[in-house]
Amino acid sequence: ELLKKLQVLPSQKLSTMSCGQRSQVALGLLFAQDPELLILDEPASGMDPRARAEMKSILCSLKEMGKTVLISSHILPELSELCDSLTIIDHGKLVFSGSVSALDKKMNGNAPTDIRFVETTPEEMNRAVEMLRQYPGVTGIVQEEADLLRVELEGDAGVSADLLRALFNDGFRVSDYHRMPMNLEKVFMEVTQE
């Protein structure tokens with residue numbers, strides 16, 4: 001079933017295929033052997049967006065089947081969607097190894113939280129800013145839009161949940177409240193800055 005997802009015609013010659021199509025053929029040959037461990041180097045290289053999406057779907061299916069997939073890649077945004085754990089190597093030195101959630105907690109603990117309010121007036125936004133300035137753990141507030149505040153908040157998920165509860169208790173109507181997702185490229189730049 002995984003092989004059916006590949007975007008290559010069976011009668012097409014390898015020499016006439018694009019780089020992305022050749023990558024798909026290589027993946028198909030690999031999957032056909034049903035290995036327990038797959039080691040892939042830049043598997044999405046040269047693939048168009050549809051082929052990349054199919055490859056992600058295939059890799060997720062392999063994970064569900066209990067297979068182990070090791071990917072070496074410089075395309076970091078795609079990796080963050082696929083990986084459970086990662087290792088960052090810089091100039092031959094190991095700078096991080098662990099779960100993606102541990103890295104997210106370590107590097108993204110102070111990520112901004114976007115708070116969007118429902119039908120709020122400028123006066124209500126000012127009241128929200130004043131309330132947030134007084135809140136423990138809030139280190140910065142930027143009004144991004146008329147109804148959107150980006151708040152820098154120190155602390156774990158419990159602190160974030162408590163802040164949301166405090167907003168509701170103060171009568172604010174919040175339509176969206178989320179912490180910005182981890183950006184692997186930014187994390188890589190931070191952990192390899194030396």
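Helices and strands are taken here as DSSP runs, of at least four residues for a helix (H or I) and at least two for a strand (E), numbered from the N terminus. On this basis the chain, which is a predicted model, contains seven helices and eight strands. Of its 194 residues, 32% count as buried, and among contacts between residues at least 6 apart in sequence, 60% join residues that are at least 24 apart.

Two residues that are not glycine adopt a positive phi. Asp34, in the loop between helix 1 and strand 1, has a positive phi of about 50° although it is not a glycine; with a relative accessible area of 46%, Asp34 is partly exposed, because that class covers values between 20% and 50%. His91, which is placed in the loop between strand 3 and strand 4 (93–99), likewise has a positive phi of about 50° without being a glycine, and at 76% relative accessibility His91 counts as exposed, the cut-off being over 50%.

Helix 2 comprises 16 residues (residues 49–64), for which a rise of 1.5 Å a residue predicts a span of 22 Å; the C-alpha atoms at its ends lie 23 Å apart, in agreement with that expectation. An α-helix has 3.6 residues a turn, so residues three or four places apart point the same way. The buried residues of helix 2 are Ala51, Met55, Lys56, Ile58, Leu59, Ser61 and Leu62, and the elements that cover them include helix 1 (19–32), strand 1 (37–41), strand 2 (68–72) and helix 3 (76–82). Just after helix 2, a positive phi of about 90° is found at Gly66.

Further along the chain, four strands form an open sheet in the order 6-7-5-8, with antiparallel pairing. Strand 6 (138–145) and strand 8 (174–179) occupy the edges, and each has a single partner strand, so that one side of each is left without a neighbour in the sheet. From one strand to the next the twist averages 20°. Within this sheet, strand 5 (residues 113–117) and strand 7 (residues 148–153) run antiparallel and are joined by four bridges, with Thr113 standing opposite Val151 in strand 7. Helix 5 (residues 122–134) packs on the sheet, where it touches strand 5, strand 6 and strand 7, and its direction makes about 5° with that of strand 7. Helix 6 (residues 157–169) also packs on the sheet, touching strand 5, strand 7 and strand 8, and its direction makes about 165° with that of strand 8.

Empty space in the model was examined next. The largest pocket has a volume of about 840 Å³; among the 24 residues that line this pocket, Ile71, Leu79, Cys83, Ser85 and Leu86 are the closest to its centre. At least two residues of the lining of the largest pocket are supplied by each of helix 2, strand 2, helix 3, strand 3 (85–90) and helix 7 (184–191). The count of cavities of 30 Å³ or more comes to two, and the largest cavity has a volume of about 60 Å³. The largest cavity is lined by Pro43, Ala44, Met55, Ile71, Ser73, Ile75, Glu78, Leu79 and Leu82, and helix 3 gives the largest share of this lining, with three residues. Met55 in the cavity lining is also one of the buried residues of helix 2, while Ile71 and Leu79 line the largest cavity and are listed among the residues closest to the centre of the largest pocket.

Notes
Residues numbered from 1 in each chain as written. Predicted model: local features only at pLDDT ≥ 70, side-chain atom pairs only at ≥ 80, totals over all residues. Heavy atoms only, no water. Expected span 1.5 Å × (residues − 1). Buried < 20%, exposed > 50% of the residue type's maximum accessible area, 1.4 Å probe, protein only. Contact = heavy atoms within 4.5 Å. Pairing = 2+ DSSP bridges. Axes fitted to C-alpha atoms, helices over the stretch in contact; angles between N-to-C directions. 1 Å grid on protein atoms, 1.4 Å probe; cavity = no way out; pocket = protein on both sides within 12 Å on 5 of 7 lines; lining within 4 Å. Points joined across faces, edges and corners; volume = space filled by probe spheres on them.
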